[in-house]
Each structure stands twice: as structure tokens, then as C-alpha cells.
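Visitor: I should like to look closely at a single part of this protein rather than survey the whole. Please take the time to place that part among its surroundings.

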Amino acid sequence: MGGPQRKNLPLIGDVSEKLGLNLGRLPDIANVGMRHLAGEARDALWVQTGGKVDVTKPRRFYGILNERCNLKCQGCDYWRREHYVDEMSAEEWIRVLAEIKDFVGPFHINFSGGEPLLKHGLFDILNYCRDNDILAGMTSNAIILRERQAKQLVEAQLFSLNISLDGFKPETHDLQRGVKGSHKGVLRTIELMEDHSKATGIPIPLVIKPTVSKINFREMPEIVKLVADMGVNGILFQPVSDWGTDEIDNLWITEIDELQRVVDELLELKRQGYPILSADWHLQDWVRHFKKDTRTDLQVGADGVQCWVGLTTFVIKTDGTIVNCHTLDPIGNVQKQSVRDIWYGPTGKERRAETVKCTIACSENCNIKRTVKQNVEGALRLLRN
Ligand SMILES: C[S@@+](CC[C@H](N)C(=O)[O-])C[C@H]1O[C@@H](n2cnc3c(N)ncnc32)[C@H](O)[C@@H]1O
Ligand code: SF4
Ligand code: SF4
């Protein structure tokens, strides 16, 4: 695969420097943004006809590249698995990405794992995206094994790199992540990437992603201020969910009044302009989530739709299995069927009807239907140099 190809145009570069934005990605983002708008029109047709006219197409793509990991997080079960499912090779991933592009046009995908930095051929996949108008993001624990990886991450020109940071204090992060020294490792990776970014002029849009738990929730305002000082593009919170680990009681927040005070402080920091990317309603929803209150009216649209994942979301698991949401049965496998056949097949259609009625009050970021204004604000944050 060749070197980086997507560069700021000289004129755009001048303007972006003045505005503090990386406008070189603007055409890609505008393209994907237009497709989201068109997608919403197709969703509306599906809703209005009760699913009889189905011209929906997926537009939220997630790729779980592997299950292996080098940390031992208390809330996560990947590292405890005795057997890992078969991994699609980098070549197979690239074939699937090309097929998706044929089906939907330029798109945005977020890669995760396990730990994606351990995936053999990772940079072949990311560089394929870079060179083929596919906006790639990635979520990582940022424990790099070699300095070269930090440079490759910058050169892959990701749309966003979400880095999990679970504590302001090193001991808090290391306790939740189960490996001493991991906090130091994250900060070193960020520094290496920023150095290479400055040296090459290639921006690296970093988003800090804390998983909020009993161990760390009091430190969230300090993490926000740290992130702002570091000049990182933004912070996106994820409240811990019960992934069936033995340690979930260590992580589940029961100090609800204190949690409410933290939420209020975060909302105030956001109002003051700190780069918090999480929607206000999502922050306010933490209290309901940790009280295990299953009643939710936050996600129900005026059209009565509870959840849009069946109309919008395509999660490609490690072995090619496709789901709309991790709690539901698969709709197919890209190793055996075409992307189009999976989406319009009977199981895909069945799942659409199921998800729009789903009443599980889930607090996963992936099922939020953001407003156009929220999408634009989020994209502008990521364009910041
Ligand atoms: C499964 S990890 C995979 C990517 C990478 N290994 C990492 O840790 O960033 C994706 C995200 O899930 C978060 N996570 C882990 N356990 C969780 C839980 N029980 N509930 C919600 N999020 C969780 C992680 O902190 C991370 O931000
Ligand atoms: S959250 Fe990420 S880093 Fe932690 S064990 Fe799970 S996959 Fe590994
Ligand atoms: S509401 Fe949550 S659990 Fe239900 S289908 Fe949507 S994403 Fe899945």
C-alpha cells in the first residue's frame, strides 16, 4: 500500500490554519453527512409504510477486528475468553469494505476489538480506508508495542482515534484496566502521535473515551480539564454496562446523589465550552442507567420509534457475523452472503421491525439518533487541528 494520499489543499490549508480547523477532511465529512440526511428520508418512508417500502441502507458501521487484548479491564470479558472466534484476515476485511462502498457509497466506520492495535494487517485495512474515501475511526487502549505504530496511526489519517482513558489519577486508570503502567502508556502514545503529527503536518483527531464507573466517576471533571489542556479534540463518555463480569459490583455506581452532582458539573463545563462531545441528554441519562430504571422516554421519537439500529447499523464482528446490536441475534455473515443480501434478506427485515419496538433502556452510544446540529458540532470538533 502506498504512503498517505489525503492531504490538505494549499488554499484550504491556509484557511484552516486561520480557523484552527483541518478542512482537508471537509469534503469527505460533507459527503457522509449528505448520505445521513438521505438515509433519514429513507427511514421515514419505511416508518410511514410500516416497512412495506424498504429502501433503507445501513449508515453506521462498526468493525470488531479481533477479540485478543493486552489489558485486563474489570468490566470487559474479551481477555478472559478461553477460545477466540476465527478472525477475518486483513484481505477479507478489505474485500468487505469494498463491497460496502459499492452498496452505500463513501461511508464512515469505527473499528474496535479486543485491541485493534494487535490485529495483524491493521494498517493495510486503515490505509485502504484512507485511500478509498472511507472515513475510518478506531477505539483503542493506546498501549502501543512499538514507536513505529504511533507514526503509522498518524499516517493512516483516521477520522477519529478514540482512546480509552479511565482515570485522571494513574492508579485509578490502572485499577480499572487491570494492568499497572497502562495510564503512563496511554499518555506516552498520545505524546508520540502528537510529535509525529507536528513533524509531518498530518492532524491526528483524538477523542478521549472514559468508561464511567464507581471507581472513577468523581474524576471525570478533572479528566475533562486535562483533555482540554492537552489540546485533544474532545471527550466522549460511556457509562459502564453489565457485561457479565464478576467485578461489575466494583464498577456499578450506587452513590446517586454524588453522581448527579458530577453530571451537573460536566453539563456546566460543557456550557463553558469544554470539548465534551456527549449529548446533554446522554449525560443526564446516567442517573437513570445506574438506578437500573428501565423506563426511558428519552429515545422515543415523535414517530414512536424506540431505536433505529435495525434501519441504520451494521456491526461486522470478528468472524464476519453481522448484527444490528449486540443484544440481538445475527442477520447474516459477510463470509457467506453479500452485504446487500444480508441487509434486504428476511432476517434483516425481521430485525428492523423488532428494533423499532425495542424497549430495553440501553445507554449505548450507538443507538442515539443525533440531530443534524449535534452531528455538525461533533464533526467540527474533529476537524480541529
Ligand atoms: C471493548 S473496548 C475495545 C477497544 C479497546 N480495547 C479499548 O479498550 O479501547 C471498547 C470500549 O468499551 C469500553 N468498555 C469496556 N468494558 C465496558 C463495559 N462493561 N461497559 C461499557 N463499556 C465498556 C472500553 O473502555 C472501551 O472504551
Ligand atoms: S476494554 Fe478494551 S482494553 Fe480493556 S480488556 Fe476489553 S478489549 Fe481489552
Ligand atoms: S434499544 Fe438498545 S438493546 Fe434495543 S435494539 Fe436498540 S441498541 Fe439494541
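Against which elements do the buried residues of H11 pack?

Guide: The buried residues of H11 pack against strand E6 (211-212), strand E8 (238-239) and H10. The model is predicted, with local features requiring pLDDT of at least 70 and side-chain atom pairs pLDDT 80 or more, whereas totals for chains, interfaces and linings use all residues. Residues are numbered from 1 along each chain as its sequence is written, and chains are lettered from A and ligands numbered from 1 in the order of writing.

Some terms recur below. Helices (H or I, at least four residues) and strands (E, at least two) are DSSP runs numbered from the N terminus. A residue is buried if 20 or more other C-beta atoms lie within 10 Å of its own, exposed if 12 or fewer do, and partly exposed in between, with C-beta atoms placed from the backbone. Packing, meeting and contact all refer to C-beta atoms, placed from the backbone, within 7 Å.

The buried residues of H11 are Leu283, Asp285, Trp286, His289 and Phe290. They cover an arc of only 155 degrees around the axis, which puts them on the same side of H11; the arc is that of the directions from the helix axis to the C-beta atoms. In general, an α-helix has 3.6 residues a turn, so residues three or four places apart point the same way.

Of the partners of H11, helix H10 can be described in detail. H10 comprises residues 256-271 and H11 residues 280-290, and their axes come within 10 Å and cross at roughly 175 degrees. Such axes are lines fitted to C-alpha atoms, for helices over the stretch in contact, and angles run from 0 to 180 degrees between N-to-C directions. The two helices are therefore roughly antiparallel to each other; angles over 145 degrees count as roughly antiparallel, under 35 as roughly parallel, 65 to 115 as roughly perpendicular and the rest as oblique.

From H10, the residues in this contact are Ile256, Leu259, Gln260, Val263, Leu266 and Leu267, and they meet Asp280, Leu283, Gln284, Trp286, Val287 and Phe290 of H11. By class, the contact has 9 nonpolar, 2 polar and 1 charged residues. Ala, Val, Leu, Ile, Met, Phe, Trp, Tyr, Cys and Pro count here as nonpolar, Asp, Glu, Lys and Arg as charged, and the others, Gly among them, as polar. Leu283, Trp286 and Phe290 thus appear both among the buried residues of H11 and in the contact with H10.

Just after H11, lysine 292 takes a positive phi of about 55 degrees, although the residue is not a glycine. Lysine 292 is found in the loop between H11 and H12. With 9 C-beta neighbours inside 10 Å, lysine 292 counts as exposed. Alanine 142 offers a contrast: its phi is near 60 degrees, again a positive value in a residue other than glycine, but alanine 142 is buried, with 27 other C-beta atoms within 10 Å. Alanine 142 is found in the loop between strand E3 (135-140) and helix H5 (147-155).

The loop that holds lysine 292 leads to H12, and H12 (309-312) is, with helix H13 (339-344), a partner of the buried residues of H14. In helix H14 (residues 346-355), those buried residues are Gly348, Arg351, Arg352 and Thr355. Seen down the axis of H14, they fall within an arc of 105 degrees, so they line one face of the helix. The face turned away from the buried side of H14 carries the exposed residues Pro346 and Ala353.

Valine 227, in helix H8 (residues 220-230), adds a further buried position, with 23 other C-beta atoms within 10 Å. Leaving aside neighbours within four places in sequence, valine 227 is in contact with Ile208, Val232, Ile235 and Pro275. The C-alpha atoms of valine 227 and leucine 206, 21 residues apart along the chain, are separated by 9.8 Å.

For the wider setting, the secondary structure comes to 15 helices and 11 strands. Buried residues make up 41% of the 385 residues in the protein. Among contacts between residues at least 6 apart in sequence, 72% join residues at least 24 apart.

Note on methods
Contact = placed C-beta atoms within 7 Å.
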